[in-house]
Each structure stands twice: as structure tokens, then as C-alpha cells.
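Q: Please take a close look at one part of this model, and describe how it is packed and paired with the rest of the chain.

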Amino acid sequence: MELASSTNPLANLQTLARDIKLSHSIFALPWAVFAAFLAARGRPLIGQLALIVLCMVTARTVAMTANRLLDARLDAQNPRTARRAIPSGALSPAFALTALTCCALLFIASTALFLPLYHNRWPLILSIPLLLFLVAYPLLNKFTRLCHYYLGAALGLAPVCAWIAIRGDLTLTPLLMGGAVLLWTAGFDIIYACQDYAVDVASGLFSVPSKLGIGPALWVSRITHLACIALLIATGFSATPPLGPLYFTGVGIAIVLMAVEHSIVKADDLSKVNVAFFTVNGVISVVLGALGIADILWR
């Protein structure tokens, strides 16, 4: 089969963007922007926000492309993922690796701009360790069932890194927010992994569902999300000054949406996993981020 990457680079970029679901940057991006406003105690500079968004998109692209490259063989064996770009032949590994390298370099260059523009060296210092942390995620399901929580930590770094990019320091508030994002992500990733229960068991891959079964795994997800809610509340009270009614309204909406998410996914009926994973969680992120920012600006 002749790969599209050999003839049409623009088409390949579009294929890659669809395959890594570039639009799903929405999961982590509102948290990073919210943290930037919180760190600035108001409006961060436009240039800072632009660099944070660029860093977020390029870092996620690196992480997801690494995932597709490292899991290509496993994806080919799974009916749910066999049609992804690399195992299906729509995209060559060489093109994906080139795109990953370019995005990594762009990410590092973006972090470097914080030094001359805003006298903050920490984004550049942390850039390479962060990329190494992100690209290691696909390896985790080969040896630990904590892989869901590692993925959560990868997304949870978004508000932590955004805070550091604005202030150049670290306090309790971004750590609590990062912990909330970690648990929120891990909870919905466990739900998503239930789809691959049979494949994971047959392949010897590690996940909470493959270890415990689908029913108990869904309970682990529920408990994880309860802990997430506790950290979301703690985040609001730990801020200086504490966040107000708009933010806590967002937390209330998030609680309702998480309850909906868990009510529509059952051990004997996984038909609505995609609705729970993509739609509900996308709304949670946007609503909490938007109401958190509105709360800061209103006060």
C-alpha cells in the first residue's frame, strides 16, 4: 500500500490531527487558562496566554503522537483501534515521528520565550523533563494498573505548569487543582478502558478493568471522582482570595455531570461510553474553566 505521507504532507497533517483528536485539547486547556488567571489574580498578559496555549497544544500533540507510535502494534490487534492511522496504513510511522519531533522543538522554543519576554526561566528548565514524562504514558499499561492515574497526572500538569509559567513559583492551590484534574482524568479513563476489557485480558495489558472486572472498575472510577470533587472544593477555598459563588456553581455543575456520566455507563451496557467520555467531560472542563475565570474577573 502506498502511504499518503509519501505524496501529500498537508493531507497527512489533517489525518494526524483527526487521529490524535486534536480537538480534545479541550479537556486540559480550560484548566491551564483558568490556572493562569488564578496565578495572575486577574488578567494575565495576552502574550503569556498565547504561549501557554501554544505549549499546551504542542505538548499534547507530542504525547498523543507518541501514544500512536508506541501502541501501533497493539492498536492493530484491537478491533476498536485497528482503523487508526498508523495500523491502517493511512499514515507512515516516519511522518508521525517527524511531526512529533517538530512539535517537541516548537514546544521547547515556546517555553524558551518566557525567559526573554517575562524573565521566567522555569518553563524552559522544565520543558524536556515534561516531554519525557508525557511520552512515557503509552509504556505504563505494559506493567502497572496505575496507568490511568499516570495519564491523569499528565493532564494534571496543565494547571500546575500554567501557574509556574505566570508566577515562576508553586503554591498549594495549583497542586490541589492539578490533583483534581489527575483524579477526574483517571476516573473517566477507567470508564473508557472498560471497552477494551477482553482485549487487555487477552493481550496481558494492565488496566483497572482487566484486573478487577468491569463492574468493580466502575466503582473505582466513582470513588476516584468523589476524591476529585473534594479537591475541587479545596482548590476554591485555598485560593488567595478564596474563589466565590461562580466557581462553586461550576463545581456543582461538574458534580451533576459526573453523576450523569456514571449513570449512563453500566457494567452490562457500555454503549454510551463515548458520550460519557467525550461529551460530558468536555462540558465539565469548559464550564469549570469558564466559571472559574468569570469568578476571578468578577471579583
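A: The answer below centres on helix H3, and then turns to a few other sites.

This is a predicted model, in which local features need pLDDT of at least 70 and side-chain atom pairs count only at pLDDT 80 or more, while totals for chains, interfaces and linings use all residues. Residues are numbered from 1 along each chain as its sequence is written, and side-chain values use heavy atoms, with hydrogens and water left out.

Helix H3 covers residues 46–70, where helices (H or I, at least four residues) are DSSP runs numbered from the N terminus. Its partner in packing is helix H6 (residues 93–112), and the axes of the two, which are lines fitted to C-alpha atoms over the stretch in contact, lie 8 Å apart and make an angle of about 150°. Because angles run from 0 to 180 degrees between N-to-C directions, and those over 145 count as roughly antiparallel, H3 and H6 are roughly antiparallel to each other. Their crossing is left-handed, meaning that the near helix is turned anticlockwise from the far one by less than a right angle.

On the H3 side, the residues that meet H6 are Leu-51, Leu-54, Cys-55, Thr-58, Ala-59, Thr-61, Val-62, Thr-65, Ala-66 and Leu-69; on the H6 side they are Pro-93, Ala-96, Leu-97, Leu-100, Cys-103, Ala-104, Leu-106, Phe-107, Ser-110 and Thr-111, with contact taken as heavy atoms within 4.5 Å. Sorted by class, this contact holds 15 nonpolar residues, five polar ones and no charged residues, where Ala, Val, Leu, Ile, Met, Phe, Trp, Tyr, Cys and Pro count as nonpolar, Asp, Glu, Lys and Arg as charged, and the others as polar.

Charged residues do enter the picture through salt bridges, each being a side-chain nitrogen of Lys or Arg within 4 Å of a carboxyl oxygen of Asp or Glu. The model has five salt bridges by this rule. In one of them Arg-68 pairs with Asp-19, with 3.2 Å between the closest N and O atoms. Since Arg-68 belongs to H3 and Asp-19 to helix H1 (residues 9–19), this pair ties together parts that are 49 residues apart in sequence. Both Asp-19 and Arg-68 are buried, that is, under 20% relative accessible area, against over 50% for exposed and in between for partly exposed (1.4 Å probe, protein chains only).

A further salt bridge joins Asp-71 to Lys-142, at 3.0 Å from N to O. Asp-71 sits in the loop between H3 and helix H4 (72–77), and Lys-142 in the loop between helix H9 (137–140) and helix H10 (147–167), so this pair ties together parts that are 71 residues apart in sequence. Asp-71 counts as buried at 8% relative accessibility, whereas Lys-142, at 32%, counts as partly exposed.

Elsewhere, Arg-167 and Asp-169 also form a salt bridge, at 3.2 Å from N to O; Arg-167 is partly exposed at 32%, and Asp-169 is partly exposed at 30%. Leu-182, in helix H11 (residues 172–193), is partly exposed at 23% and touches Tyr-149, Gly-152, Ala-153 and Gly-156, leaving aside residues up to four places away in sequence. The C-alpha atoms of Leu-182 and Tyr-149 are 6.5 Å apart, although 33 residues separate them along the chain.

Terms used. Angles under 35 degrees count as roughly parallel, over 145 as roughly antiparallel, 65 to 115 as roughly perpendicular and the rest as oblique.
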